[in-house]
Amino acid sequence: MSANQRLRLDSPSHASDSGESGILNERILILIFESIKWDIHVLCAASAVNRKLRAVATRLLWRELCMYRAPRMVAALANGAPNGRLGGGWHALAKLMFFCCGCESTRHFRVSRSSPGHFVKESRFSKTSGRSFLTKKCRSDLLYVSDPCEHPMGEREDDLGLYRGVFRGFMRSKTRACLIRRQVELEERLCCPYCGARVWSMTAARLVPKSAARRLGTHDGGLEYFVCVNGHLHGTCWLVPLSSEEEAGREDEDGCSDDVDNGSDHSECDDRTVTDSSVSSISEEIAAVGPPDRRLCTREIC
């Protein structure tokens, strides 16, 4: 290669074509991550290499990962979003998909000891479950909520359930309008574990419907959850052991017949299972691709 050719490749015009990332063809990065099925741990590591790669990941790669892992859920969340942008960013949604944020005591929910956050092998998000977390006046909102992540707390205590979720178009939602109309104050010492924004306590706002406790399998008053200004939800509950009859009743409630989209021949009750190794059906569990490096993952998306 001649000196003139090297100068042309290093010129600012070429860098600007890729958003000033310094990477001549970002499509190569996409092809690489497609070949490894968008391994989230590798993406965390790549984002930690330097500022340029982190910028590319923030602008492009996190979105592609989310679309690969949960295409139907992402399509629903991005529907109507200006320029395809989500509140808090795509990296926050990726973290919400794969990271259980842990739990500490709050003013409305006390635990004997804190539970640390961790990556999960598999997550199942459901808009049917999300509907259970909405009051009757807000049922037109679209909210996806995960199944609880179970944390044992000892022989003398019930297990702790940690769950998370995300609203579509939260800025235009009836839930946000209700919070604003009631003049509910934002929490002083808490922030969203996924995007860092300030949060409302739905318990303090008295916007926790009884259907949420039934969906989670807990007793009234045995749960608390928060919603941030970007529409991310996270919460805790006590998982009360159920009798066989109660468990059968909950399985009946999980039917998907009330959640089939018009004009579609399949149910989207549970969208699909989100895994950190591949896209799978809701009945299939797939192990993670290698152990996560918590230092890298915490720095980049946690």
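A residue counts as buried under 20% relative accessible area, as exposed over 50%, and as partly exposed in between. Keep that scale in mind as you look through these close-ups of a predicted model.

**View 1. Arg124 and Asp147 meet in a salt bridge.** Arg124 has a relative accessible area of 22%, so this residue counts as partly exposed. Its partner Asp147 is partly exposed too, at 33%. The N to O distance between the two side chains is 2.7 Å. Arg124 belongs to strand β3, while Asp147 sits in the loop between β4 and β5 (149-151), and the two are 23 residues apart. Side chains of opposite charge can pair when their charged atoms come close.

**View 2. Glu26 and Arg59 form a salt bridge between two helices.** Here the closest N and O atoms are 2.7 Å apart. Glu26 lies in helix α3 (residues 26-35) and Arg59 in helix α5, so the pair ties together parts that are 33 residues apart in sequence. Which of the two, Glu26 or Arg59, is buried, and which is partly exposed? Glu26 is the buried one, at 11% relative accessible area, whereas Arg59 is partly exposed at 42%.

**View 3. A salt bridge joins Glu187 and Arg107.** These side chains come to 2.6 Å, N to O. Both ends are in loops: Glu187 between α9 (174-181) and β7 (199-201), and Arg107 between β1 (99-100) and β2 (118-119). Along the chain they are 80 residues apart. Glu187 counts as buried, with 9% relative accessibility, but Arg107 is exposed at 54%. The count for the model comes to three salt bridges.

**View 4. Strand β4 pairs with β3 and with β6.** Follow β4 (residues 143-146) and you will find Leu143 and Val145 pointing one way, with Tyr144 and Ser146 pointing the other way. Are these four residues buried or exposed? All are buried. Strand β3 (residues 122-126) and β4 pair in the antiparallel sense over two bridges, and Val145 is the bridge partner of Ser126. The pairing of β4 with β6 (residues 159-167) is also antiparallel, over three bridges. There, Leu143 has Phe167 as its bridge partner.

**View 5. Helix α6 has buried residues on one side.** In α6 (residues 71-78), look for Met73, Val74, Ala76 and Leu77, which are buried. They cover an arc of only 160° around the axis, so they share the same side of the helix. An α-helix has 3.6 residues a turn, so residues three or four places apart point the same way. What covers the buried residues of α6? The cover includes helices α5 (51-69) and α7 (90-98), along with strands β3, β4 and β6.

**View 6. The largest nonpolar core has 38 residues.** Leu61, Trp62, Leu65, Leu93, Met97 and Tyr144 have the most contacts inside this core. At least two residues each come from α3, α4 (40-47), α5, α6, α7 and β8 (223-228). Which of these gives the most? The answer is α5, with seven residues. Try finding Leu65: leaving aside neighbours within four places in sequence, Leu65 is in contact with Trp38, Ile40, Leu43, Ala94 and Phe98. A second, separate core has 24 residues, among them Tyr163, Met202, Leu223 and Tyr225. In soluble globular proteins, nonpolar side chains tend to be buried together.

How values were computed
Residues numbered from 1 in each chain as written. Predicted model: local features only at pLDDT ≥ 70, side-chain atom pairs only at ≥ 80, totals over all residues. Heavy atoms only, no water. Buried < 20%, exposed > 50% of the residue type's maximum accessible area, 1.4 Å probe, protein only. Pairing = 2+ DSSP bridges. Arc of directions from axis to C-beta. Contact = heavy atoms within 4.5 Å. Salt bridge = Lys/Arg side-chain N within 4 Å of Asp/Glu carboxyl O. Core = buried A, V, L, I, M, F, W, Y, C linked by side-chain atoms within 4.5 Å.
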